[in-house]
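Student: Could you walk me through reading charged contacts and enclosed spaces in a protein model? I would like the general idea, then the case at hand.

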Amino acid sequence: MTGTETQPGDHVELDTVPVDEEVVLVFDFGSQTAQLIARRVREQNVFCQIVRHDLSAERVKELNPKGIIFSGGPASVYGDGAPQPDPAIFDLDIPMLGICYGMQVLCRYLGSDVIPGNSREFGRTTCRVHEPNEFFAKLPEELTVWMSHGDQVDNLDSQFISLAATSSCPYAAVKHRSRPIFGLQFHPEVTHTDFGGQLLSNFVRRVCGCHGTWRISSLIDREIDSIRERVGKSRVICGLSGGVDSSVVAALLYRALGSQLSCIFVDNGMLRKGEAEAVRSQFQEHFKTDLHVVDARQRFLGELAGVTDPQQKRKIIGKVFIDVFRSEAESIEDARFLAQGTLYPDVIESGANADGPAETIKSHHNVGGLPEELGFELIEPLRDLFKDEVRKMGLELGLPEKLIWRHPFPGPGLAVRCLGEITEDRLKILREADAIVLEELQNAGWYRKVQQAFAVLLPIQTVGVMGDGRTYEYVLAVRAVSTDDFMTADWSQLPHDLLGKISTRITNSVRGVNRVVYDISSKPPSTIEWE
Ligand code: XMP
């Protein structure tokens, strides 16, 4: 794919691959969609890990995957420094699928030419299957596929046959004549390709012979065993944020360790209406263990006084949070471990970008992440999971639906939604308005249809009229977005009457706001948060 690809860089070492589990490996050649490929494979109940493009054949042998998928990538196979796999991989006799650049790598290593296409092909196109094959089982002869490439395979070596073509690409899908090796010039992992999930399912199940036995429940049992073994009789601290990830971590640890778990919840004063109380009551309903609620509201407000720069706000909140958390943690005796809700995409992102040129747009990962100097050993039981898998795990662990489907909330909280200076009065206005936005979305059945929605208080006032009087009050923006992965997002097309209701309720009942606007920008070029 083109665009802002990741570097085909470091991925986590694979000591986490479960033994006795069917595994498919995705070799990442710098694709934007490697994670999507992994998700689609996991949807087949097959465990899937993303690995470096040059993972050694030795290591692959140890991991014993049922199949290997080469991802796409931004490079050209004949370009300088183009990422290459360990050639010994091709001698392992493991089923393989190459996608876009990955296909070109496969075909080139196995004897075909790759040439620059007549023109770059980007977008939807029609693909015709002319050679029936198990790989295309349950698919129509003609399907819409998503292309994004410059080069393409040419003069297929006699080792390969073409299975499908588009009008400009005679080798849209290919198969090795004698070995279970396939290539696709288009991207089956993206939703723009029809039946892409079926194609990947065909590869995983029919070509690789996977049975699809990977289940969240077996993962829970395994995690519980490994937590118990690692922790022994020590105490584990878990920071609660009220969000899905930290709640699932706490639930898992509680099941594994019971009263050996201590949770810390820092009230930084930047929470939404009723949130601190909700965390406390949810906790009491689900866990009968030690909870430390630290009321640090005044400390955060004091340090943020007069600060308007967004990055500065984030830095202050991150630093104060660590300070507050550290001193509370130090008061807990025998604590040796700290649990964090790191997810698989965080692991891949920080690995992939560690040495890459990727620009920091916002310093997200500096907030909420606790530094190693705290002196604890880390437990990260979700580090192999995608968000939807974490939700499934939470439901299996008995957490309530309402918590599981909560929209994400940034670590710096309302601080980055209260544009300009943060004062208690302005936070109060924002909290009231935000609660109305969320309540109306819930009432209208729209909360679950959008992935994130909130209010933003702008630092400007506008003129209004109330009764016979002129008002000069703040503008409030409403934001709602639809997104798969929060990397890109569309503004949500909320019904006008719902927007009208939200606006009327806010201007009627929230003192200090006389104008409501709806944000109709997508990401990119905007971001989801306003700061
Ligand atoms: P943006 O605004 O970058 O947000 O489009 C993408 C997702 O990240 C969340 N976000 C943050 N999360 N600390 C966090 O923990 C932060 O500083 C932060 N900034 C943005 C945002 O809410 C959205 O879900």
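**Salt bridges and a cavity**

Tutor: Let's start with a group of residues: Glu 439, Glu 440, Lys 501 and Arg 505 are joined in a network of salt bridges. Keep in mind that this is a predicted model.

Student: Thanks! How many salt bridges does the structure hold?

Tutor: There are 25 salt bridges in the structure.

Student: Within that network, how far apart are the closest N and O atoms of Arg 505 and Glu 439?

Tutor: For the salt bridge of Arg 505 with Glu 439, that distance is 3.3 Å. This pair links distant parts of the chain, with Arg 505 in helix α14 (residues 496–509) and Glu 439 in helix α13 (residues 424–443), 66 residues apart.

Student: Are Arg 505 and Glu 439 buried or exposed?

Tutor: Here the cut-offs help: buried means under 20% relative accessible area and exposed means over 50%, with partly exposed in between. Arg 505 has 30%, so Arg 505 is partly exposed. Glu 439 has 40%, so Glu 439 is partly exposed too.

Student: Which residue forms a salt bridge with Asp 267?

Tutor: That is Arg 297, and the closest N and O atoms of the two are 3.9 Å apart. Here too the pair links distant parts of the chain: Asp 267 sits in strand β11 (residues 261–267) and Arg 297 in helix α8 (residues 297–304), 30 residues apart. Asp 267 has a relative accessible area of 10%, so Asp 267 counts as buried. Arg 297, at 39%, is partly exposed.

Student: What about Arg 272 and Glu 275: are they buried or exposed?

Tutor: Both Arg 272 and Glu 275 are buried. They form a salt bridge whose closest N and O atoms are 3.2 Å apart.

Student: Now for the enclosed spaces. What is the general idea?

Tutor: A probe the size of a water molecule is rolled over the atoms, and this shows where empty space is left. In this structure, a search of the whole model finds one cavity of 30 Å³ or more. The largest cavity holds about 80 Å³ of space.

Student: Which residues line the largest cavity?

Tutor: The lining is made by Leu 240, Gly 242, Ser 247, Val 279, Gln 282, Phe 283, Phe 287, Leu 399 and Leu 403. By type, six of the lining residues are nonpolar, three are polar and none is charged.

Student: And which helix gives the most to that lining?

Tutor: Helix α7 (residues 275–286) does, with three residues.

Key:
Residues are numbered from 1 along each chain as its sequence is written. This is a predicted model: local features need pLDDT of at least 70, side-chain atom pairs count only at pLDDT 80 or more; totals for chains, interfaces and linings use all residues. Side-chain values use heavy atoms; hydrogens and water are left out. A salt bridge is a side-chain nitrogen of Lys or Arg within 4 Å of a carboxyl oxygen of Asp or Glu. Helices (H or I, at least four residues) and strands (E, at least two) are DSSP runs, numbered from the N terminus. Buried means under 20% relative accessible area, exposed over 50%, partly exposed in between (1.4 Å probe, protein chains only). On a 1 Å grid over the protein atoms alone, a cavity is a set of points where a 1.4 Å probe fits but cannot get out, and a pocket is an open set with protein on both sides within 12 Å along at least five of seven lines; lining residues have an atom within 4 Å of a point. Grid points are joined across faces, edges and corners, and a volume is the space filled by probe spheres set on the points. Ala, Val, Leu, Ile, Met, Phe, Trp, Tyr, Cys and Pro count as nonpolar, Asp, Glu, Lys and Arg as charged, and the others, Gly among them, as polar.
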